[in-house]
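Here is a briefing on a structure, for a reader who has the coordinates open. It goes topic by topic.

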Amino acid sequence: MEIIRVEDLSKKFILSSSPGTLKEWLISRGKGSANKEFWALKNINLSINKGQSLGLIGRNGSGKSTLLKIICKILYPTTGSVQVNGKVSSLLELGAGFIPDYTGRDNVYLNGSILGLSREEIDKRFDSIVEFSEIGEFIDQPVRNYSSGMYMRLAYSVAVSSNPEVLLIDEILAVGDSKFKEKGLNRILELKEKGTTIVFVSHSDAMIKKVCDRVVWLDKGLIVGEGTPNDVLPQYAQ
Amino acid sequence: MFETIKELMLYKNLIISLTQSQVRKRYKGSVLGVLWSLINPLFLLVVYGFVFSFLMRGRIENYFLFLFNGLLPWIFFKTSVVMSSNSIVGNAGLIKKTYFPREILPIATVFENLVNFFMGLLILIPALLIFGDGINLMIFWLPVVILVQVVLNLGLALFFSAVTVYLRDMRHILEVLTMAMFYYTPILYTMDMIPERYQPFFKLNPMAPLIDAYRQVLFKKDIPDLGSLLWTFIFSLLILVSGMKVFKHLNRGFAEKV
């Protein structure tokens with residue numbers, strides 16, 4: 001069953017130097033704008049079936065993150081379309097929804113609701129989230145007092161606890177100590193076992209091989225290679 | 001549009017959490033925090049009250065209560081609109097890194113100010129009991145009036161929060177516009193003090209019938225003008241629907257523009 005369908009997707013960014021104001025708009029009316037255009041993605045077609053894990057590889061600036069952001073509706077396509085049939089949870093940046101002044105507990109609830117969980121659902125998961133994060137008694141401290149590792153662990157624990165149908169992950173397993181990294185990876189593999197569809201951006205070949213059954217290689221906004229990790233990764237390495 | 005409403009219902013927990021955390025942020029430090037957020041309306045009340053109670057001498061009885069009754073809903077209106085205009089731009093981190101229906105940000109700001117408005121009512125109502133003529137059953141109209149105002153505030157909040165992303169100086173423009181609107185709205189005075197021939201112009205203001213309705217049900221303990229309240233409700237709904245449409249349209253560029 002198809003769960004994500006990307007059709008003829010292109011994304012253009014307009015690189016303007018400053019955010020617009022009414023004043024500027026009044027002054028520059030009639031004159032052509034001198035803003036530069038940049039195509040981050042060009043004619044992308046993708047189809048991902050339920051339960052599949054897709055890895056996105058490519059150099060910096062090849063459009064991987066842009067593609068993820070379009071799939072989770074943070075960005076909108078310039079042309080083409082994206083259809084997702086299921087609940088999406090995205091891990092683009094750990095702790096993106098955290099407010100430093102709030103305690104770990106409050107942030108778990110806030111971030112859980114950003115992921116679309118109800119209060120009862122968070123209540124039910126709260127203990128296992130805290131346990132997984134290994135935060136312990138610090139859960140009632142404001143997160144601004146956390147070390148970056150603690151911050152990351154808590155954010156990660158909330159994000160993987162939401163049992164999404166589609167999980168989008170952008171390069172976030174690169175942080176944390178090796179023990180937690182392994183635990184984090186195992187959690188992702190567990191979700192995969194349960195049938196979660198995963199789209200995974202990583203620069204780590206080992207990670208891609210462990211998680212993904214299919215790899216798409218992006219270069220300058222175009223798909224230049226597609227296949228199993230064992231087929232595509234050696235080509236990409238060259 | 002119904003899809004948006006359906007999605008917002010799914011995310012109602014986020015609306016509640018965000019409102020709660022914003023309210024808590026405002027009232028941080030418990031008692032003193034609540035005090036601070038009430039100092040602004042009370043200060044305005046004292047300043048305007050002293051100046052205008054001389055000017056209005058004999059024309060309006062119990063001027064301080066009359067003024068406070070109008071000032072509270074006005075502050076609810078003004079802060080909702082002005083603060084919301086910053087709600088998308090001020091949460092760039094969330095917008096760029098996470099997905100949720102963006103409408104939630106201005107909505108939570110309006111709700112935060114609604115809570116603040118309730119705090120004000122907790123002072124106004126005892127004040128009416130102690131210094132004024134008390135209250136009567138007409139207070140049961142109050143939720144209806146509040147509902148109409150919430151619809152109006154939400155519509156404008158959605159509109160301006162989205163527009164501010166593209167026109168960053170909107171906030172300054174709003175500060176000036178709301179200052180002018182303060183004098184255009186019958187807060188310091190009553191509508192019948194306006195010369196007959198200017199009245200049609202003053203009646204274009206959707207806040208005028210609202211302030212009047214608040215005063216009817218609290219200060220005057222009387223039934224509100226239901227005809228004009230109904231019209232204001234219909235007008236506010238139109239504002240809300242157009243606000244949502246504009247928001248939905250502009251929403252596509254938020255993550256790139258903030």
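Two residues count as in contact if their C-beta atoms, placed from the backbone, lie within 7 Å. Leaving aside neighbours within four places in sequence, A:Leu56 is in contact with A:Lys64, A:Leu67, A:Val199, A:Phe200, A:Val201, A:Val216 and A:Leu218. The model is predicted. The points below cover the two sheets of chain A, three sites along its helices and loops, the core, and the contact with chain B.

**Six-stranded sheet of chain A**

- This open sheet has six strands in the order S5-S6-S7-S3-S8-S9 (chain A), and its pairing is mixed.
- Strand S5 (88–91) and strand S9 (222–227) of chain A stand at the edges. Each has a single partner strand, so one side of each is left without a neighbour in the sheet.
- On average, neighbouring strands of this sheet are turned by 15° against each other, direction ignored.
- Strand S3 (residues 53–57) of chain A pairs with strand S7 (residues 197–201) of chain A in the parallel sense, over four bridges.
- Within that pairing, A:Leu54 has A:Val199 in S7(A) as its bridge partner.

**Helix H2 of chain A**

- Helix H2 (residues 64–71) of chain A lies across S3, S6, S7 and strand S8 (214–219) of chain A. H2(A) runs at about 150° to S7(A).
- How many of the eight residues of H2(A) are buried? Eight of the eight are, so H2(A) is largely enclosed by the rest of the structure.
- The buried residues of H2(A) include two lysines, A:Lys64 and A:Lys69. Also among them are A:Leu67, A:Leu68, A:Ile70 and A:Ile71.
- Two of these buried residues, A:Lys64 and A:Leu67, are in contact with A:Leu56.
- A:Lys73, just after H2(A), takes a positive phi of about 65°.

**Three-stranded sheet of chain A**

- A separate entry is the open sheet of three strands, ordered S2-S1-S4 (chain A), with antiparallel pairing.
- Its edge strands are strand S2 (36–49) and strand S4 (79–84) of chain A, and each pairs on one side only.
- Neighbouring strands here are turned by 20° against each other on average, direction ignored.
- S1(A) and S2(A) pair in the antiparallel sense over ten bridges. In S2(A), A:Leu46 is the bridge partner of A:Val6.
- Strand S1 (residues 2–15) of chain A also runs antiparallel to S4(A), joined to it by five bridges.
- In S4(A), A:Ser81 is the bridge partner of A:Glu7, and A:Gln83 stands opposite A:Arg5.

**Helix H5 of chain A and the loop before H6**

- Helix H5 (residues 148–160) of chain A has 13 residues. From its first C-alpha to its last, H5(A) reaches 18 Å, close to the 18 Å expected at 1.5 Å a residue.
- H5(A) is mostly covered, with ten of its 13 residues buried.
- Among the buried residues of H5(A) are A:Met150, A:Tyr151, A:Arg153, A:Leu154 and A:Tyr156.
- The elements covering the buried residues of H5(A) include S5, H3, helix H4 (119–133) and H6 of chain A.
- A:Asp177 lies in the loop between strand S6 (166–170) and helix H6 (178–193) of chain A.
- Is A:Asp177 buried or exposed? A:Asp177 counts as exposed because it has 10 C-beta neighbours inside 10 Å, and the cut-off for exposed is 12 or fewer.
- A:Asp177 and A:Arg153 are 24 residues apart along the chain, and their C-alpha atoms are separated by 9.9 Å.

**Nonpolar core**

- The largest nonpolar core has 126 residues.
- The residues with the most contacts inside it are A:Leu56, A:Leu168, A:Val199, A:Phe200 and B:Ile104.
- Helix H7 (residues 142–166) of chain B gives the largest share of this core, 14 residues.

**Contact between chains A and B**

- In chain A, 28 residues are in contact with 23 residues of chain B.
- Helix H1 (22–28) and helix H3 (104–114) of chain A each supply at least two residues of the side of chain A that touches chain B.
- H3(A) provides the largest share of that side, five residues.
- By class, the side of chain A that touches chain B has 15 nonpolar, seven polar and six charged residues.
- H3(A) also appears among the elements that cover the buried residues of H5(A).

Conventions: Residues numbered from 1 in each chain as written. Chains lettered and ligands numbered in written order. Predicted model: local features only at pLDDT ≥ 70, side-chain atom pairs only at ≥ 80, totals over all residues. Pairing = 2+ DSSP bridges. Axes fitted to C-alpha atoms, helices over the stretch in contact; angles between N-to-C directions. Buried ≥ 20, exposed ≤ 12 C-beta atoms within 10 Å, placed from the backbone. Nonpolar A, V, L, I, M, F, W, Y, C, P; charged D, E, K, R; others polar. Expected span 1.5 Å × (residues − 1). Core = buried A, V, L, I, M, F, W, Y, C linked by C-beta atoms within 7 Å.
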